[in-house]
Amino acid sequence: MPTPVPDLLAAARADADRTVDLRRRLHRHPEVGLHLPRTLETVLGELAELPVEVTTGRSTTSAVAVLRGARPGPSYLLRADMDGLPVHEDTGLPFASEVPGAMHACGHDLHTAMLIGAARLLAERRDELAGQVVLMLQPGEEGFHGARYMLEEGVLDAVPGAPVAGAFALHVFTSLPSGTVSVRPGPMMAAADHWSVTVRGRGGHASMPHCAADPVPVAAEIVLALQAMVTRRVDVFDPAVVTVAQLTAGSTDNVIPDSAFLQGTIRSLSPQRRADTVASVRRVATHVAAAHDLEVEFDHQEGYPVTVNDPGAADRVRTAAAALLGADRSVPTPDPLMGAEDFSYVLQRVPGAMAFLGACPPGDEPGTAAGNHSNLVVFDEEVLPVGAALYAAMACDALAGG
Ligand SMILES: [Zn+2]
């Protein structure tokens, strides 16, 4: 059955007031982390008006809603994240955050509103659908592994007898022209790992360094040795980013401290590079310190894995976006983003794709508009019906075997 793509966009635009209203209600009351009770209540209120079966999370405030087509068929998953960031909003928007120190600065309020908008579009077309659409509404994308909790609680088996066969997610970015959809096959976003090094020395008088074991020059050498390690040891075609984001030591001008502390991030696009780079940071820090007869404590915490798009799924997104918006609005993502995303956990389990949706506000340029996570970021609300229609088109396409 052909996908009724053009009428999806017209229908989403006709319904845009509701989508914008929901987005603004969410925007006024951002919540951070895995527990978003007010957000969940709002979302459940919207889902209650739809012909869907809803389950809420046991360990977090997640929601899963299953929409059944008129005929049996496979299950496909559409995901939206719902959490805000611990950022104080300074946009001055009439619907700005009313919660001091919290803001929907990554556009997850748009994702949630678009997904609910898509659910309305799909509900009106149930007779044309063969299969189930699983709506995954997750908390805790911003570093809290919300998607992993939902996978552990069985989101992929939300439909008994028809496990999720594929998954799709959208993310808005102000760095792309409004209304353009951007996707690529293979790695779309990076793995992000945290590391820290504590250099253990021996404190003393700043005038007599030979009587102490000064960790400061050793820490400085480690910072520089890490830069050389990345440029000399990492294949540029399988890259890594190592950033020392914090470096602290000492308390005053006449005391050699007994320790120095460094921490930062490692970004990579393949499992092998990821493992090698973690090992290299540890090795460089340990041996630079050893050269000066000092020791280090190395700590490493795994963050999100690489977000890898299935080539076939990425191609379907590109085709659907072109049909919906015109070929010039569907553009390839030239390079992966070195940011990270917990939809990666879903894509480790089922084939699918994450796509970016440009949301640069009118009057701004994608290159200079306040970016995602900024206290000043403003997203173009014109993209709300576009995103809702694209989510719905992806589900129709997948269920039609496109
Ligand atoms: Zn985000």
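The side chain of Asn309 reaches the backbone nitrogen of Met354 at 2.8 Å, and that is a handy place to start on this predicted model. Asn309 is part of strand S14, which covers residues 307-309. With a relative accessible area of 2%, Asn309 is buried. Leaving aside residues up to four places away in sequence, Asn309 touches Val183, Arg184, Pro185, Gly186, Met188, Ala314, Leu347, Gly352, Ala353 and Met354. So Met354 turns up twice for Asn309: in the list of touching residues, and as the residue whose backbone nitrogen the Asn309 side chain reaches.

**Two domains**

Zooming out, the domain assignment splits the protein into domain 1 (8-190 + 306-398) and domain 2 (196-302). Nine residues from domain 1 and six residues from domain 2 take part in the contact. How far apart are the C-alpha centres of domain 1 and domain 2? They lie 39 Å apart.

Now for the interface itself. The size of an interface is often given as the accessible area lost when the parts come together. Here domain 1 and domain 2 bury about 560 Å² between them, and 71% of that sits on carbon and sulfur atoms. On the domain 1 side, Ala190, Val306 and Met338 lose the most area to domain 2, and together they make up 71% of what that side buries.

What about charges and polar atoms? Between domain 1 and domain 2 there is one residue pair in polar contact, with both residues at pLDDT 80 or more. Sorted by class, the side of domain 1 that touches domain 2 has seven nonpolar, two polar and no charged residues. How many salt bridges cross the interface of domain 1 and domain 2? The count is zero.

**Salt bridges**

Salt bridges do turn up in the structure, which holds 20 of them. Three pairs are set out here.

| Pair | Closest N to O distance | Relative accessible area |
|---|---|---|
| Arg24 and Glu381 | 2.6 Å | Arg24 32%, Glu381 15% |
| Arg28 and Glu98 | 3.1 Å | Arg28 30%, Glu98 46% |
| Glu124 and Arg125 | 3.4 Å | Glu124 61%, Arg125 8% |

Take Arg24 and Glu381, whose side chains meet in a salt bridge. This pair links distant parts of the chain, 357 residues apart: Arg24 is in helix H2 (residues 16-28), while Glu381 is in the loop between strand S16 (352-358) and helix H10 (383-399). Arg24 is partly exposed, whereas Glu381 counts as buried.

Helix H2 also supplies Arg28, which forms a salt bridge with Glu98. Glu98 lies in the loop between strand S3 (71-81) and helix H4 (108-124), so this pair ties together parts that are 70 residues apart in sequence. Arg28 is partly exposed, and Glu98 is partly exposed too.

Glu124 forms a salt bridge with Arg125. Is each partner buried or exposed? Glu124 counts as exposed, while Arg125 is buried. Elsewhere, salt bridges that share partners join Asp15, Asp21, Arg25, Glu46 and Arg120 into one network.

**Arg23 in helix H2**

Arg23 lies in helix H2 as well. At 2% relative accessibility, Arg23 counts as buried. Which residues does Arg23 touch, not counting those up to four places away in sequence? They are Phe95, Asp109, Leu110, Ala113, Phe379, Glu381 and Leu384. Glu381 is a name to recognise there, as the salt-bridge partner of Arg24.

**His292**

Last stop is His292, in the loop between helix H7 (271-291) and strand S13 (295-302). His292 counts as partly exposed, at 37% relative accessibility. Not counting residues up to four places away in sequence, His292 touches Val218 and Glu221. With Glu221 there is also a polar contact, side chain to side chain, at 2.8 Å. For a sense of scale, His292 and Ala321 are 29 residues apart in sequence, yet 58 Å apart in space from C-alpha to C-alpha.

Methods: Residues numbered from 1 in each chain as written. Heavy atoms only, no water. Domains from an automatic or database assignment. Contact = heavy atoms within 4.5 Å. Buried area = accessible area lost by both parts, 1.4 Å probe. Salt bridge = Lys/Arg side-chain N within 4 Å of Asp/Glu carboxyl O. Polar contact = N/O pair within 3.5 Å; in protein donor to acceptor, adjacent residues only side chain to side chain. Nonpolar A, V, L, I, M, F, W, Y, C, P; charged D, E, K, R; others polar. Helix = DSSP H or I, 4+ residues; strand = E, 2+ residues; numbered from the N terminus. Buried < 20%, exposed > 50% of the residue type's maximum accessible area, 1.4 Å probe, protein only.
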